[in-house]
Amino acid sequence: LLLNMNESLKTNLNIHFQTIYGEILDQNEILNLINDVLNLYDMKDYDQSDPYWSQEDIFLISYGDTFFENEIKKLKTLNKFMDKYAYPNFNNLHILPFFPYSSDDGFSIKDYEKVRHDLGDWNDVQSLSKKYQLMSDIVINHASKKSQYFEEFIKGNEEFKDYFITLNDTNGYESVIRPRSSDLFQEVEINQETLKLWCTFSHDQIDLNFKNPKVLFFFIKLIHFYLKNGIKVFRLDAIAFLWKEKNTSCLNLLQTHEIVKLIRTLLNAYSKDTLLITETNLPNLENLSYFGNSDEANSIYNFALPPLLLWTFLMGDSTAIRKWSMGMPPAKDHTTYFNFIASHDGIGIRPTEGILTDNERSTLVNIIKDFGGEISYRRKSDNSESVYELNIALINAMKGTFKGIDHMQTERFIAAHAIMLSLEGIPAFYVHSVIGTSNDYELVKKTKNKRSINRKSWNYEDIDKLLSDSKSQNFVIYNNLKKLIEIRKKQSAFHPNATQFTFNLGPNFFGIWRQSLDKKQSIFSVTNVSNVFQYLDLSELNLIESNEWWDLISNEIIIDIKAIISLKAYQTVWITNY
């Protein structure tokens, strides 16, 4: 049996490497590459059993330096925050890049194998991993121009030859799709020859050359190193841009998808407790393609959800999100969605293509500007610019509606998270949403980076006081979200793969039915998305007469399943039978 498992693994690896490098390497070179991988991972088994997740899985997303105290390593302070305010409601922690970096708040990495000195060391990472399942970014598309890898490449070190993409002629790359408005190429002199470097994101982030198998093997070794240091969940950052070919968009290419499949195969072989997540801020169908045939990402970022939820509450109209939800396919076997509303980046607009109209997107942009947000742009293939993302703290984005600012900011904010918690998939909370952090304009001025508006670093003592003050907005937000999370974690109908059906309850409500995998529990989640009370006809939910029903949030019993009940502005009910 063990021999058959290893043979199966070798066969899969051969398929992956043939697909990626079949036109670059001969068969002997591919076999050598497979043996190198097998020797590195020292696999005794090839476990293809189901990955494990449940309704109890909730992610918290945070930078390693979100909280600080004088003369204390910041990962220790993060651990302190987690123990007091996150545990046990959050059992998964995504620490955004914690490596030495030169720009982009950690996403221009100088050394992938070191922990930033001000944060701590690998012992601090391992300490966090004992209580929380840790997620780390694999910043796989590019490395810092100030990295040791690029410096050796420039020096002509044979080991780093062809590590980065250089071109003499940029003709044939006019159709490249990318998320920035800066120049795609920058000139550099190497061995007295002027060449052009590929820079998808910025001129400090130089794209790695995956046509060189050494580059792929570097990341295969890196993932193994992270596994040994307690990381179980891997987020493939900007994976869609990885492979480049002339006369294509250089986006979502076959080899890129195959590299995701390869990494999934290796993680499956290492442990069923691992999880692979792809970060692809793209139109919805392109994003869904990273599930593959249940053989790529275990989970994909549900990028359409943040802008659609925002649009829903700003307009008081669920039409767009309801149509989107009705058209979303259930996740395939061994996969699930990764649901979030806010993150360290902005709220992406591209995922709304084909869902919102151009006029609706323009309206959304204008409202966010009125609420104090910034707008980031990308350069299209015709050299024009279009809106890429909205840069604003989520609490600020919820400060009003299309009619203007009002006093129901917190209610809207909580309602949006109640919807996220009820949807098929694993929910993830950005730490600044959990603690109600608002726009940080001073940081934007300091960094000259629009995304910094939602990347505040808190003095631990200051946020600790606010979260202990029952009169503060931070306290109210934290405790309301905590209550919803505590309820959700106990409901089998909120399992990430439990059945989901979307109701058409009109524009004022967003409603879904969830049913547990064993079919014992049903939950009808309905949210009033408007700023006035609305009447809900329970007969539209098809509650079964033989069951007793009640609302999990208010704990009120439903006496008459045919009754018409009223929901306050932005109120959510989770009506269950079990």
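Two strands pair if DSSP finds at least two bridges between them. Keep that cut-off in mind at the first stop, where 2 bridges join strand β15 (residues 336–339) to β21. The model on screen is predicted.

**Stop 1: strand β21**

Select residues 426–430, which make up strand β21. All of this strand is out of reach of solvent by the burial criterion: 5 of the 5 residues are buried, so β21 is largely enclosed by the rest of the structure. Colour the two faces separately. Ile426, Ala428 and Tyr430 point to one side, Pro427 and Phe429 to the other, and both sides are covered.

Now add the partner strands. β15 runs parallel to β21, and here Asn339 has Pro427 as its bridge partner. Next, show strand β1 (residues 59–62), which pairs with β21 in the parallel sense over 3 bridges. Within that pairing, Phe59 is matched with Ala428 of β21.

**Stop 2: the open sheet**

Move on to the strands in the order β23-β24-β25-β30-β27-β28. These 6 strands form an open sheet with antiparallel pairing. Which strands stand at the edges? They are β23 (499–502) and β28 (557–558); each has a single partner strand, so one side of each is left without a neighbour in the sheet.

Zoom in on the β23 end. The partner there is strand β24 (residues 509–515), paired with β23 in the antiparallel sense over 4 bridges. Select Gln500 and Arg514 to see one of the bridge pairs, with Arg514 on the β24 side.

Then display helix α13 (residues 409–422), which packs on this sheet. The helix touches β23, β24, β25 (522–528) and β30 (572–576), and its direction makes about 30° with that of β30.

**Stop 3: Gln491**

Step back in sequence to Gln491, in the loop between α17 and β23. Is this loop residue buried or exposed? Gln491 is buried, with a relative accessible area of 7%. Leaving aside residues up to four places away in sequence, its contacts are Gln55, Gln521, Ile523, Leu552 and Tyr578. Show those five side chains together with Gln491 to view the surroundings.

**Stop 4: two helix pairs**

Two packed helices are described by the angle between their axes and the distance between the axes.

Start with helix α16 (residues 460–468) and helix α17 (residues 473–488), whose axes are 6 Å apart at an angle of about 70°. That makes α16 roughly perpendicular to α17. To see the contact, select Ile463, Leu466, Leu467 and Ser468 on α16 and Asn474, Phe475 and Tyr478 on α17. By type, this contact has 5 nonpolar residues, 2 polar and no charged.

For the second pair, go to helix α9 (residues 305–315) and helix α10 (residues 319–327). Their axes come within 8 Å and cross at roughly 145°. From α9, show Leu305, Leu308, Leu309, Trp311 and Thr312; from α10, show Ala320, Ile321 and Trp324. Here the division is 7 nonpolar, 1 polar and no charged.

**Stop 5: salt bridges**

Side chains of opposite charge can pair when their charged atoms come close. The model contains 28 salt bridges, and a few are worth a visit.

Select Asp207 and Lys244, where the closest N and O atoms are 2.7 Å apart. Asp207 belongs to strand β11 (residues 205–207) and Lys244 to the loop between β12 (231–237) and α7 (254–270), so the pair ties together parts that are 37 residues apart in sequence. Both Asp207 and Lys244 are buried.

Lys211 and Glu245 form another salt bridge, at 3.5 Å between the closest N and O atoms. Lys211 sits in the loop between β11 and α6 (213–228) and Glu245 in the loop between β12 and α7, so this bridge links parts 34 residues apart in sequence. Lys211 is partly exposed at 33% relative accessibility, and Glu245 is partly exposed at 27%.

Next, select Asp295 and Lys261, which meet in a salt bridge at 3.9 Å, N to O. Asp295 is in the loop between α8 (284–288) and β14 (299–301) and Lys261 in helix α7, so the pair joins parts 34 residues apart in sequence. Asp295 is partly exposed, with a relative accessible area of 29%.

Finish with Asp105, Asp345, Glu389, Arg451 and Arg455, which are linked in a network of salt bridges.

Conventions. Residues numbered from 1 in each chain as written. Predicted model: local features only at pLDDT ≥ 70, side-chain atom pairs only at ≥ 80, totals over all residues. Heavy atoms only, no water. Salt bridge = Lys/Arg side-chain N within 4 Å of Asp/Glu carboxyl O. Buried < 20%, exposed > 50% of the residue type's maximum accessible area, 1.4 Å probe, protein only. Axes fitted to C-alpha atoms, helices over the stretch in contact; angles between N-to-C directions. Contact = heavy atoms within 4.5 Å. Nonpolar A, V, L, I, M, F, W, Y, C, P; charged D, E, K, R; others polar. Parallel < 35°, antiparallel > 145°, perpendicular 65-115°, else oblique.
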